[in-house]
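Here is a short guided walk through one protein chain, written to be read with the model open beside you. Take your time and click on the residues as they come up.

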Amino acid sequence: MTTTKNEIERDQSSDRLAASLFAEVFIADQLSRSLISHALPRGMQISHFSVLNLLAHVNEERTPAQLAEAFHVTRGAMTNTLSRLEWAGHIHIRPDWDDARRKFVSISPAGRAARDAAIAAFMPIIAEVVRDIGAERVRLALPVLRELRRRLEGDS
């Protein structure tokens with residue numbers, strides 16, 4: 001089977017498009033993380049906020065293993081984040097009464113307040129970015145970004 005010049009050009013064009021998409025996603029991720037981390041309350045890291053935000057959103061206990069899986073990090077990395085959050089009083093960690101080897105994590109009232117303060121600190125910044133881009137253009141981009149995330153989650 002021979003490959004035509006047009007097929008080669010289409011493949012190269014597709015590769016360039018993919019490279020451009022991922023370059024933009026990487027750069028946007030880096031810049032947004034920097035912007036948000038500078039706006040977070042003193043001592044809070046993005047990983048801390050992310051865990052608090054998830055726990056506040058689901059409003060249910062999660063195991064450390066479930067949290068590690070949700071954030072695509074190692075259990076050791078999640079244990080470190082949870083230790084810092086527990087030390088700050090932002091989460092409660094309790095044993096599983098049925099299986100002493102397992103633990104459950106929940107957000108504390110102080111953690112909910114810290115998460116709300118973080119959102120209040122950076123929401124005006126990201127809302128301004130969306131206003132500048134235009135709400136309709138952002139709405140058009142969201143399905144593509146969601147599909148990209150879903151595909152990447154399927155590969156991990």
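What follows moves from the overall layout to the salt bridges, then to some individual residues.

## Overall layout

Please keep in mind that this is a predicted model. A good place to begin is the database record: an unreviewed UniProt entry annotates residues 18–154 as "domain: HTH marR-type". Over that stretch, the chain is 74% helix and 7% strand. The C-alpha atoms at the two ends of residues 18–154 are 18 Å apart.

The domain assignment divides the chain in another way, into domain 1 (1–39) and domain 2 (40–154). Nine residues from domain 1 and nine residues from domain 2 take part in the contact. Taken over C-alpha atoms, the centres of domain 1 and domain 2 are separated by 27 Å.

## Along helix H1

Helix H1 covers residues 5–39, and Ile-27 lies in it. Together with Phe-26 and Leu-31, Ile-27 forms a nonpolar patch on the surface. The accessible area of these three residues adds up to about 330 Å². Ile-27 itself counts as partly exposed, because its relative accessibility is 42%, between the 20% and 50% limits.

Helix H1 also holds a charged pair, Arg-33 and Asp-29. The two form a salt bridge, and their closest N and O atoms are 3.1 Å apart. How far apart are Arg-33 and Asp-29 along helix H1? They are four residues apart, so about one helical turn separates them. Both ends of this pair are partly exposed: Arg-33 has 43% relative accessibility, and Asp-29 has a relative accessible area of 37%.

## Salt bridges

The count of salt bridges comes to nine. Here are three of them, with the N to O distance and the accessibility of each partner.

| Salt bridge | N to O distance | Relative accessibility |
|---|---|---|
| Arg-33 and Asp-29 | 3.1 Å | Arg-33 43%, Asp-29 37% |
| Glu-61 and Arg-94 | 2.8 Å | Glu-61 30%, Arg-94 26% |
| Arg-151 and Glu-147 | 2.7 Å | Arg-151 58%, Glu-147 33% |

The side chains of Glu-61 and Arg-94 meet in a salt bridge. Glu-61 sits in the loop between helix H2 (46–58) and helix H3 (64–71), while Arg-94 belongs to strand S1 (residues 91–95), so this pair ties together parts that are 33 residues apart in sequence. Glu-61 is partly exposed, and Arg-94 is partly exposed as well.

Arg-151 and Glu-147, by contrast, both lie in helix H6 (residues 135–155), where four residues, about one turn of the helix, separate them. Arg-151 counts as exposed, since its 58% relative accessibility is over 50%. Its partner Glu-147 is partly exposed.

## Two buried residues

Now for a look inside. Is Thr-81 buried or exposed? Thr-81 is buried, because its relative accessible area of 9% is under 20%. Thr-81 is part of helix H4 (residues 75–87). Leaving aside neighbours within four places in sequence, Thr-81 is in contact with Ser-47, His-48 and Val-51.

Gly-111, in helix H5 (residues 109–133), is buried too, with 0% relative accessibility. Not counting residues up to four places away in sequence, Gly-111 touches Leu-52, Gly-89 and His-90. Val-51, one of the contacts of Thr-81, also gives a handy distance here: Gly-111 and Val-51 are 60 residues apart in sequence, with 9.9 Å between their C-alpha atoms.

## Two loop residues with positive phi

The last stop concerns the backbone. Most residues other than glycine have a negative phi. Asn-59 has a positive phi instead, near 55°. Asn-59 lies in the loop between H2 and H3 and is exposed, with a relative accessible area of 55%.

His-72 is another residue of this kind, with a positive phi of about 55° although it is not a glycine. Where is His-72 found? His-72 is in the loop between H3 and H4. Like Asn-59, which is exposed, His-72 is exposed, and its relative accessible area is 53%.

How values were computed. Residues numbered from 1 in each chain as written. Predicted model: local features only at pLDDT ≥ 70, side-chain atom pairs only at ≥ 80, totals over all residues. Heavy atoms only, no water. UniProt positions renumbered as here; feature names shortened; annotations may be inferred. Buried < 20%, exposed > 50% of the residue type's maximum accessible area, 1.4 Å probe, protein only. Contact = heavy atoms within 4.5 Å. Patch = residues over 30% accessible without salt bridge, like charges linked within 9 Å, V, L, I, M, F, W, Y side chains within 5 Å. Areas by Shrake-Rupley, 256 points an atom, 1.4 Å probe, with all protein chains shown as cover. Salt bridge = Lys/Arg side-chain N within 4 Å of Asp/Glu carboxyl O. Domains from an automatic or database assignment.
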